[in-house]
Amino acid sequence: MRRSSTDESTYRRSPSPESKEPGFARGGPFRRCSSLYGRAGAGDAGDAGGGFFGLHTNPGPKTAQARYTTPKGNKYVVFYLDLSFIFLLELKRCSMARGCLQGVKYLMFAFNLLFWLGGCGVLGVGIWLAATQGNFATLSSSFPSLSAANLLIVTGTFVMAIGFVGCIGALKENKYLLLTFFVLLLLVFLLEATITVLFFAYSDKIDSYAQQDLKKGLHLYGTQGNVGLTNAWSIIQTDFRCCGVSNYTDWFEVYNATRVPDSCCLEFSDSCGLHAPGTWWKSPCYETVKAWLQENLLAVGIFGLCTALVQILGLTFAMTMYCQVVKADTYCA
């Protein structure tokens, strides 16, 4: 017996996809099924936050623990490897810096040792001249202390002091002593360069002043307490075969007579300076010595360049070692 379509039935059809029933639109039974299936562990089949059929579900506690435990351990391992690699790089860099520092240290010490020994030699020659020759090569009346012996003593002492500071700074690797050595040597280098530039810039004025000062110094010749000046003029006139500063007549003002020192004579003998002018040297000493210096200008220039080169090497070694010490103290302490 057929049921009428109008009769009420206890069975209902399953809703179709085209159904407009609100239960299916909101998820209906599928939402409840997906939620139940997600709680049972179906979340592993989806994406990181996915559930069933692309719907988002909450992962279980075991799933979350399995998901985050392994990457965390891997991060620690990578971090430790990075630290070890960085430590090895820093250790290698510090070892290289120490090796460079040791090389520069020994070069610096050898340079300053030679520098100090040179100062000792110059000081010794100055002391010997002062003890045996008095104020040797004192020609200026305006600067009576400007003798060869005094200049050598002062120069030798200063060079010894600078070399000593450099040696101690190199051995102790003390950046303050190295910086002190650099500053002192730089001041000496700048002073020498300034004097050289001024000498060539004002050579004419220097010539005129030097001749006037030397002529004043002639009046001290043979007087008491001026043994150095007397010996210097006697040696210059004998070795360079000259007489007077600009002419032999310069001595006439000194003696107030037609007379010259015996060192001006062509043939030396006692009181030969009282003889006729034909037996005296005619060349002026100032121009003769100046011509001799010009003839040996190449040797003087080479000596000056060698001195400047030694000082530049000292400055380079000092600053290089100073930078290495500062770098070692900063990165490898």
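These points cover one helix packing and the aromatic pairs in a predicted model.

1. Start with the packing of helix α6 (residues 203-218) on helix α9 (residues 285-295). The two meet at an angle of about 130 degrees, and their axes lie 11 Å apart. That angle makes α6 oblique to α9, because an angle has to be over 145 degrees to count as roughly antiparallel. The crossing of α6 over α9 is right-handed.

2. Next, the residues in this contact. From α6 come D207, A210, Q211 and L214. From α9 come Y286, E287 and K290. By class, the contact of α6 with α9 has 3 nonpolar, 1 polar and 3 charged residues.

3. Now the aromatic side chains. The structure holds 10 aromatic pairs. One of them joins F240 and W292. Their ring centres are 5.9 Å apart, and the planes stand at 80 degrees, an edge-to-face arrangement. The pair bridges distant parts of the chain: F240 belongs to helix α7 (residues 227-240) and W292 to helix α9, with their positions 52 residues apart in numbering.

4. Are F240 and W292 buried or exposed? F240 is partly exposed, at 26% relative accessible area. W292 is also partly exposed, at 42% relative accessibility. Neither value is under 20%, so neither ring residue counts as buried.

5. Which residues do ring pairs link into a cluster? They are Y221, W233, W251 and Y255.

6. To recap α9: this helix packs against α6 at an oblique angle, and its W292 pairs with F240 of α7.

Methods:
Residues numbered from 1 in each chain as written. Predicted model: local features only at pLDDT ≥ 70, side-chain atom pairs only at ≥ 80, totals over all residues. Heavy atoms only, no water. Axes fitted to C-alpha atoms, helices over the stretch in contact; angles between N-to-C directions. Helix = DSSP H or I, 4+ residues; strand = E, 2+ residues; numbered from the N terminus. Parallel < 35°, antiparallel > 145°, perpendicular 65-115°, else oblique. Left-handed = near helix turned anticlockwise from the far one by under 90°. Contact = heavy atoms within 4.5 Å. Nonpolar A, V, L, I, M, F, W, Y, C, P; charged D, E, K, R; others polar. Phe/Tyr/Trp six-rings, centres within 6.5 Å; stacked < 30°, edge-to-face > 60°. Buried < 20%, exposed > 50% of the residue type's maximum accessible area, 1.4 Å probe, protein only.
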